[in-house]
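The following exchange asks on what grounds certain structural terms are applied, and each reply sets a value against its criterion.

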Amino acid sequence: MTEMVGVRDDQRIQRDVLAELAWDARLQPNEIGVTVDQGVVTLTGFVDGAARGWAATRCAQRVRGVRAVADEMEVRLPGTPGRTDAEVANAATRALEWDSFVPAERLDVTVANGWLMLRGEVEFGWQRRAAEGEVRRLDGVRGITNLIEVRPAAPPAAERLRRDVQRALLRTLGGERVTVEVDGDTLVLAGVVRSWWERDQVERVAWSAPGVRVVHDQLLVGG
């Protein structure tokens, strides 16, 4: 029998999130606080970089019953001399250049006080996501602002785009719990998914569609 979100009490979700944080070797769970209110998890405490903050958020999202995650963690880089902004910027530029799927020549990287900003244009939404994924793991990054714009080479045919995305979701999820609407170059996703993993898969499919510039995610995480 499938357990719905509302059935799982907050204390059980809290214990499971704490256990998932302890299970992830990338984290030091004793530095992260977890509170839960009606399935909404709030993470507090300190992490030593944006990568660990992102990893902690993903841990919480993996737990069954979690409806949303509020990241209130503070990034505190180690007290010993670390990377300068110039070194972080150079590392980010090299990481983007090494990814053959990211058009690094069309992107711009700036860093201020450890906060990394991405600008530029790409043709596909998945390239925007890939660029952020490459720099998120770098040492010395406090946070990321992704201002990369998606500019498709040609506008999509609305009905064909809707049909293709719906078919791709059917192959991925094996059901029709998600509806897709198209408004010009914008996709609107609605419906209920069973987990944050499924939500990620739906977004991945949507951003992979040619001609899509914007994705509005209205999905609910349920049982």
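Two strands pair if DSSP finds at least two bridges between them. The model discussed here is predicted.

Q: What makes S9 and S10 paired strands?
A: Pairing requires at least two bridges. Six bridges join S9 to S10 (residues 186-193), so the criterion of at least two is met. The two strands run antiparallel, and one of the bridge partners is known by residue: aspartate 183 is matched with threonine 186 in S10.

Q: Which strands stand at the edges of the sheet, and why?
A: The sheet is open, with three strands in the order S9-S10-S11 and mixed pairing. S9 (178-183) and S11 (214-221) each have a single partner strand, so one side of each lacks a neighbour in the sheet, and these two are the edges. From one strand to the next, the twist averages 10°.

Q: Which helices lie across the strands of this sheet?
A: Helix H5 (residues 158-173) lies across S9 and S10 and runs at about 160° to S9. Helix H6 lies across S9, S10 and S11, at about 160° to S11.

Q: Why is H4 called oblique to H6?
A: Two packed helices are described by the angle between their axes and the distance between the axes. The axes of H4 and H6 cross at roughly 125° and come within 6 Å. Angles of 65 to 115 degrees count as roughly perpendicular and those over 145 as roughly antiparallel. The crossing angle therefore makes H4 oblique to H6.

Q: Which residues make the contact between H4 and H6?
A: H4 contributes Gly125, Trp126 and Arg129, while H6 contributes Asp200, Glu203, Arg204, Trp207 and Ser208. By class, this contact of H4 with H6 has four charged, two polar and two nonpolar residues.

Q: How much space lies in the largest pocket, and which residues are the closest to its centre?
A: The largest pocket holds about 960 Å³ of space. Of its 34 lining residues, Trp54, Arg58, Arg129, Glu132 and Arg136 are the closest to the centre.

Q: Which elements supply at least two residues of the lining of the largest pocket, and which gives the most?
A: Helix H2 (50-62), strand S3 (68-71), helix H4 (125-136), strand S7 (143-146) and helix H6 (196-208) each supply at least two. H6 gives the most, with eight residues. By class, the lining of the largest pocket has 13 charged, twelve nonpolar and nine polar residues.

Conventions:
Residues are numbered from 1 along each chain as its sequence is written. This is a predicted model: local features need pLDDT of at least 70, side-chain atom pairs count only at pLDDT 80 or more; totals for chains, interfaces and linings use all residues. Side-chain values use heavy atoms; hydrogens and water are left out. On a 1 Å grid over the protein atoms alone, a cavity is a set of points where a 1.4 Å probe fits but cannot get out, and a pocket is an open set with protein on both sides within 12 Å along at least five of seven lines; lining residues have an atom within 4 Å of a point. Grid points are joined across faces, edges and corners, and a volume is the space filled by probe spheres set on the points. Helices (H or I, at least four residues) and strands (E, at least two) are DSSP runs, numbered from the N terminus. Ala, Val, Leu, Ile, Met, Phe, Trp, Tyr, Cys and Pro count as nonpolar, Asp, Glu, Lys and Arg as charged, and the others, Gly among them, as polar. Axes are lines fitted to C-alpha atoms, for helices over the stretch in contact, and angles run from 0 to 180 degrees between N-to-C directions. Angles under 35 degrees count as roughly parallel, over 145 as roughly antiparallel, 65 to 115 as roughly perpendicular and the rest as oblique. Contact means heavy atoms within 4.5 Å.
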